[in-house]
Amino acid sequence: GRWSGERWWDELTSDDFGEAFRLLSGFHRSAQLEVCRLRTEPGFQDREDARSLPKPKAGWDHHPGRYVLRIVNPDGAVIRDGIEIDYCANVGSYDQGTVVEADDRCINESGVMRYR
């Protein structure tokens with residue numbers, strides 16, 4: 001097949017892949033910093049609360065009052081009793097393909113988007 005033998009290693013260690021990975025990593029880092037910056041602006045929480053209200057009519061262009069998420073990780077998702085990964089207890093898990101609903105989303109101390 002296409003990835004038999006050592007070919008996959010050659011692809012992952014190629015200069016092209018390294019450059020693409022470097023650029024994507026930089027984009028991800030800057031996006032996370034922008035999210036953090038926006039969340040510290042005056043009035044952010046008021047605007048976020050207003051956007052989280054149920055949609056009053058079709059086509060309203062704001063965040064939903066409820067988030068519908070599908071677990072896509074092949075290993076599933078761990079459910080914790082809080083938003084912090086390092087010190088919140090595991091209370092369950094969902095398998096890949098499970099659809100769940102959340103009422104809120106936030107960014108934890110590690111800069112990871114978490115849903116409640």
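A salt bridge is a side-chain nitrogen of Lys or Arg within 4 Å of a carboxyl oxygen of Asp or Glu, and a search of the whole structure, which is a predicted model, finds 5 of them. The views below begin with the protein as a whole and then turn to single places in it.

**View 1. The whole protein, with its 3 helices and 6 strands.** Read from the N terminus on, the elements follow the order α-α-α-β-β-β-β-β-β. Of the 116 residues in the protein, 14% are buried, and the protein exposes about 9,100 Å², with carbon and sulfur atoms supplying 54% of that area. Among the contacts between residues at least 6 apart in sequence, 40% join residues at least 24 apart.

**View 2. A nonpolar surface patch made by W8, W9, L12, F17 and F21.** The patch covers about 540 Å², and the elements that give two or more residues to it are α1 (7-12) and α2 (15-39). Helix α1 gives the most, with 3 residues. F17, one of the residues of the patch, has its place in helix α2. F17 counts as partly exposed because its relative accessible area is 37%, a value that lies between the limits of 20% for buried and 50% for exposed.

**View 3. The salt bridge between E19 and R22 in helix α2.** The closest N and O atoms of E19 and R22 are 2.7 Å apart, which is within the 4 Å that a salt bridge allows. Both residues lie in helix α2 and are 3 residues apart, which is about one turn of the helix. Each partner is also partly exposed, E19 with a relative accessible area of 35% and R22 with a relative accessible area of 48%.

**View 4. A salt-bridge network that joins E34, R37, E41 and R47.** In one salt bridge of this view, R37 pairs with E34, and their closest N and O atoms are 2.6 Å apart. R37 and E34 both lie in helix α2, where they are 3 residues apart, about one turn of the helix; R37 is partly exposed at 40% relative accessibility, and E34 is partly exposed with a relative accessible area of 34%. In another salt bridge, E41 pairs with R47, with the closest N and O atoms 3.6 Å apart. Here E41 is partly exposed with a relative accessible area of 30%, and R47 counts as partly exposed at 35% relative accessibility. Salt bridges that share partners join these four residues, E34, R37, E41 and R47, into one network.

**View 5. Strands β2 and β3, which run antiparallel.** Strand β2 (77-80) is joined to β3 by 4 bridges, and the bridge partner of A77 in β3 is Y94. Strand β3, made of residues 90-94, is hardly covered, since the count of buried residues among its 5 residues is 0.

**View 6. P74 in the loop between β1 (67-70) and β2 (77-80).** P74 counts as exposed because its relative accessibility is 65%, which is over the limit of 50%. Although P74 and D95 are 21 residues apart in sequence, their C-alpha atoms are 7.9 Å apart in space.

Note on methods. Residues are numbered from 1 along each chain as its sequence is written. This is a predicted model: local features need pLDDT of at least 70, side-chain atom pairs count only at pLDDT 80 or more; totals for chains, interfaces and linings use all residues. Side-chain values use heavy atoms; hydrogens and water are left out. Patches are made of residues with over 30% relative accessible area and no salt bridge: like charges are joined within 9 Å, nonpolar side chains (Val, Leu, Ile, Met, Phe, Trp, Tyr) within 5 Å. Accessible areas come from the Shrake-Rupley method with a 1.4 Å probe; for residues, only the protein chains shown count as cover. Buried means under 20% relative accessible area, exposed over 50%, partly exposed in between (1.4 Å probe, protein chains only). Contact means heavy atoms within 4.5 Å. Two strands pair if DSSP finds at least two bridges between them.
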